Amino acid sequence: MDLKLDHHSKDGIEIVDVEGEIDVYTAPRLRELLIDLVNNGFYQLVVNMEKVEFLDSTGLGVLVGGLKRVRAHDGSLDLVCTQERILKIFRITGLTKVFGIHETVDEAIAARKSEK
Amino acid sequence: MATVELSFTPLPAHVRTARLVAAAVARRSGVDESLLDEVRLAVGEACSRAVEEHRLHCPTEPVRLALTELAGRFEVEVTDTSMAGGGAEGGPAYPPGFGIAVIAGLADDVQISETSAGTSIRMSWPSAVTAS
């Protein structure tokens with residue numbers, strides 16, 4: 001399986017569940033989904049990466065692009081990730097300072113709610 | 001002579017193939033399990049870059065990957081034959097060279113050679129096996 005995407009609403013925030021590998025081949029699908037969600041008025045997003053097995057700089061670019069899009073609407077894009085193998089590329093690129101990265105979806109939602 | 005050579009059509013779908021082959025040969029070469037994710041990621045980045053260059057400038061030319069067992073090292077060389085060099089219009093949202101910056105953070109030893117014939121990215125990791 002290359003990449004599986006799903007999304008659902010929880011507490012007014014849209015949760016994007018990603019499973020599989022995000023690379024140069026599969027990243028465009030995630031990009032399209034994030035664009036669609038923003039175009040449909042979903043500006044508070046949480047991308048759950050707990051089942052992501054691989055993420056490269058193409059995937060990072062898609063997430064950065066998604067963050068820029070939601071911020072244009074005063075929105076947010078947070079991540080859920082505890083896997084060291086995935087967190088590593090965020091650390092190497094310094095993107096841990098750009099994204100809110102949480103251990104669970106509930107924690108990400110709570111963090112976003114507490115900022116309001 | 002490389003231990004394993006791989007040549008593939010410059011399609012994004014084949015970058016995963018290159019990652020899997022590189023990881024398999026790295027494991028066989030004695031690269032520590034804890035470094036295989038780095039090998040996979042670095043090779044993926046180099047191949048993604050080469051595929052993008054070929055797609056834009058020479059889509060019928062294959063991207064080449066050479067995997068070599070050396071004494072105490074496992075070396076990967078990714079070669080593209082795109083003569084355009086640098087970033088391209090309509091490219092990714094992040095600055096050109098981002099993938100190379102990621103590679104530099106993952107491999108001990110990265111050498112990039114740019115010639116009129118294309119670009120070669122060579123990187124290596126420590127391995128436990130002595131080359132035969």
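This is a guided tour of a predicted model, going from chain A to its contact with chain B and then through chain B.

Residues are numbered from 1 along each chain as its sequence is written, while chains are lettered from A and ligands numbered from 1 in the order in which they are written. Because the model is predicted, local features need pLDDT of at least 70 and side-chain atom pairs count only at pLDDT 80 or more, whereas totals for chains, interfaces and linings use all residues.

**Chain A as a whole**

Select chain A and colour it by secondary structure: there are four helices and five strands, and from the N terminus on they run β-β-α-β-α-β-α-β-α. Helices (H or I, at least four residues) and strands (E, at least two) are DSSP runs, numbered from the N terminus. The radius of gyration of chain A, taken over C-alpha atoms, is 13 Å, close to the 13 Å of the globule rule for 116 residues, so the chain is as compact as a globular protein of that length; the rule is 2.2 Å times the number of residues to the power 0.38. Along the principal axes, the C-alpha atoms of chain A fill a box of roughly 35 × 25 × 25 Å. Of the 116 residues, 42% are buried, where buried means that 20 or more other C-beta atoms lie within 10 Å of the residue's own, exposed means 12 or fewer, and partly exposed lies in between, with C-beta atoms placed from the backbone.

**The sheet of chain A**

Next, select the five strands of chain A, which form an open sheet in the order β1-β2-β3-β4-β5 with mixed pairing; two strands pair if DSSP finds at least two bridges between them. At the edges stand β1 (3-10) and β5 (100-102) of chain A, each with a single partner strand, so one side of each is left without a neighbour in the sheet. Neighbouring strands of this sheet are turned by 25 degrees against each other on average, direction ignored. Now select residues 44-55 and 76-80 of chain A, which are β3 and β4: these strands run parallel and are joined by five bridges, and within the pair Leu45(A) stands opposite Leu77(A). Add residues 105-115 to the selection to show helix α4 of chain A, which packs on the sheet, touches β1, β2 (13-22), β3, β4 and β5, and makes about 150 degrees with the direction of β4(A). Contact here means that the C-beta atoms of two residues, placed from the backbone, lie within 7 Å, and angles run from 0 to 180 degrees between N-to-C directions, with axes being lines fitted to C-alpha atoms, for helices over the stretch in contact.

**Two loop residues**

Zoom in on Asp11(A), which lies in the loop between β1 and β2 of chain A and has a positive phi of about 55 degrees although it is not a glycine. Asp11(A) is partly exposed, with 13 other C-beta atoms within 10 Å. Then move to Asp74(A), in the loop between α2 and β4 of chain A, where phi is again positive, near 55 degrees; with 8 C-beta neighbours inside 10 Å, Asp74(A) counts as exposed.

**The contact with chain B**

Show both chains and select the contact, which takes 15 residues from chain A and 19 residues from chain B. On the side of chain A, α2 (57-71) and α3 (84-93) are the elements that give two or more residues, and α2(A) contributes the largest share, five residues.

**Chain B**

Finally, select the strands of chain B, where five strands form an open antiparallel sheet in the order β1-β2-β3-β5-β4. Its edge strands are β1 (4-8) and β4 of chain B, each pairing on one side only, and the twist averages 15 degrees from one strand to the next. Select residues 73-80 and 118-126 of chain B to see β3 and β5 pair in the antiparallel sense over eight bridges, with Ile121(B) as the bridge partner of Val78(B). Residues 109-115 of chain B are β4, which pairs with β5(B) over seven bridges; β4(B) and β5(B) form a hairpin with two residues between them. To end, select helix α1 (residues 13-28) of chain B, which lies across β1, β2, β3 and β5 at about 175 degrees to β1(B), and then helix α2 (residues 33-57) of chain B, which lies across β2, β3 and β5 at about 15 degrees to β3(B).
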